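Welcome! Have the sequence and the 3D view at hand, and try each exercise before reading its solution.

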Amino acid sequence: MIGGYAKIGVAWCGDSQIEGLYHDMLRPYIKCLSFDDVRLDMRARHWDDQVFIGDTYRVDLDAAKEYKIWNKKGREALSKDDSSGSGKQESSQGGDVRAETLGRELASAPDASSNVEVIDVYLPHKNHLLTFPNRAGGFTRENLLYSGEWAGPERGPFRRLAFEDVPDNVLSMGPAMNWLPLHESLNMLDNKQIRQAIRQKQLLLYSPAGSKNAENVRDFADGMAVESTDPKSTQQANFGGPDQVVFGFVMQHMQLLNKMAGNPDALGGIGPAADTLGQEEIIAGSQSKQLAEMHDRDLDFVADLMRS
C-alpha cells in the first residue's frame, strides 16, 4: 500500500504493407514499473519539478539492433556486455537489494539470454526523451540510442500513484510505512515467545528412594494405574516457557497496531471492534472514510491512464 508507477506511450512493433506501401506500426501501451527500475530526480521537491524521470528495461539484443527508431551507431555498439546477465546492478537507486535478486542463488545456471538493458530518460521541462544503454559509461553521445521530442501523451510517459504525499519530496509514502516499527517489534516479541516455548521443559523429579516409582511413571501409558510406595518422592516440574509479562506486552502491541493501522480487524470482519451493534456501525463508517481518499486516488490514477 505504498503506491506505484506506470509508463504509457506508443511502441514500434514493426513494418506493415498497406495497399502496397510500408508503414511503421505503432501500438499504445501501459506498463507497470518496478520500484527498482524507476529513476527519479531526488533533488526535486515536487513531482512536477523534476529535471529528469527515467526507467530501465530489457529488450532482446537482436531486436534492439534492428530497432529502426534508434540511432544506427548506438545500435551497433550494443553487445552482450550490456545484457542483464552481465554486470547487472544488485542494488536499487536507494541502495537496497533489488527485488529480482531475491532467490537468485537458487538458479545456479548462468544467464543465457541475449537481452540488453537500456534506460529511457524523460526531460519534463524540455519535453525530450533520451535512451541510453544502462551500463557504466553508457551515458555518452557515442552511446546515445535515441534523442527526440516526446510525441506521446501530455505530461510525459510516467505516471505516479501516491496514497500519501510527503512534503518537499518526490517520493510518496504508504500507510504501511507508519506501521512498520510496531510490526517489527511485534514480530520480535512473538519470536521471543516462540523461542521460550521451544526451550520449555517438563521433567519428572524424584528422590533417590523414589527411583522405582519414577520408572513406573515413565513407563506406564496415559490413564493407567501406577503403584507408588511414596507419591511425594516423584514430582513433575516445568522449566521455562512463554513469559506471561511478554505475552501481555504482545497483546498490547497487537491492540496498538490494530489502532494505528486503521482497525483492520473491523475492515476484514475478523473480530469485534466494539461491544454493541451501534458502536460497530460507527466504527465501520469511520473506516470507510479513511479508505475513501485512497480509493479516490486510485480511481483518478486509472482515469488519467485511460485519458492519456
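**Exercise 1.** Work out whether Tyr-67 is buried or exposed.

*Solution.* Start with the cut-offs: buried means under 20% relative accessible area, exposed over 50%, and partly exposed in between, using a 1.4 Å probe and protein chains only. Tyr-67 has a relative accessible area of 19%, so this residue is buried.

Before going on, a word on the model: it is predicted, so local features need pLDDT of at least 70 and side-chain atom pairs count only at pLDDT 80 or more, while totals for chains, interfaces and linings use all residues. Residues are numbered from 1 along each chain as its sequence is written, and side-chain values use heavy atoms, leaving out hydrogens and water.

**Exercise 2.** Classify the aromatic pair of Tyr-67 and Trp-70.

*Solution.* Step one is the rule: rings of Phe, Tyr and Trp (its six-membered ring) pair if their centres lie within 6.5 Å; planes under 30 degrees apart are stacked, over 60 edge-to-face, and the rest tilted. The whole structure holds 5 aromatic pairs. In the pair of Tyr-67 and Trp-70, the centres are 4.8 Å apart and the planes meet at 90°, so the pair is edge-to-face. Step two looks at the partner: Trp-70 has 6% relative accessibility and therefore counts as buried.

**Exercise 3.** Do the same for Phe-132 and Phe-139.

*Solution.* The ring centres of Phe-132 and Phe-139 are 5.2 Å apart with 45° between the planes, which makes the pair tilted. Now check the accessibility: Phe-132, at 11%, is buried, whereas Phe-139, at 47%, is partly exposed.

**Exercise 4.** Describe the surroundings of Lys-7.

*Solution.* First, locate Lys-7 in strand S1, residues 3–18 (strands are DSSP runs of E with at least two residues, helices runs of H or I with at least four, both numbered from the N terminus). Next, its relative accessibility is 5%, so Lys-7 is buried. Finally, list the neighbours: beyond four places in sequence, Lys-7 is in contact (heavy atoms within 4.5 Å) with residues including Tyr-29, Leu-33, Asp-55 and Phe-158.

**Exercise 5.** Compare the span of helix H3 with the expected one.

*Solution.* The expected span is 1.5 Å times one less than the number of residues. Helix H3 (residues 175–199) has 25 residues, giving an expected 36 Å, and its first and last C-alpha are 37 Å apart, close to that value. Among the buried residues of H3 are Trp-179, Leu-182, Leu-186 and Leu-189.
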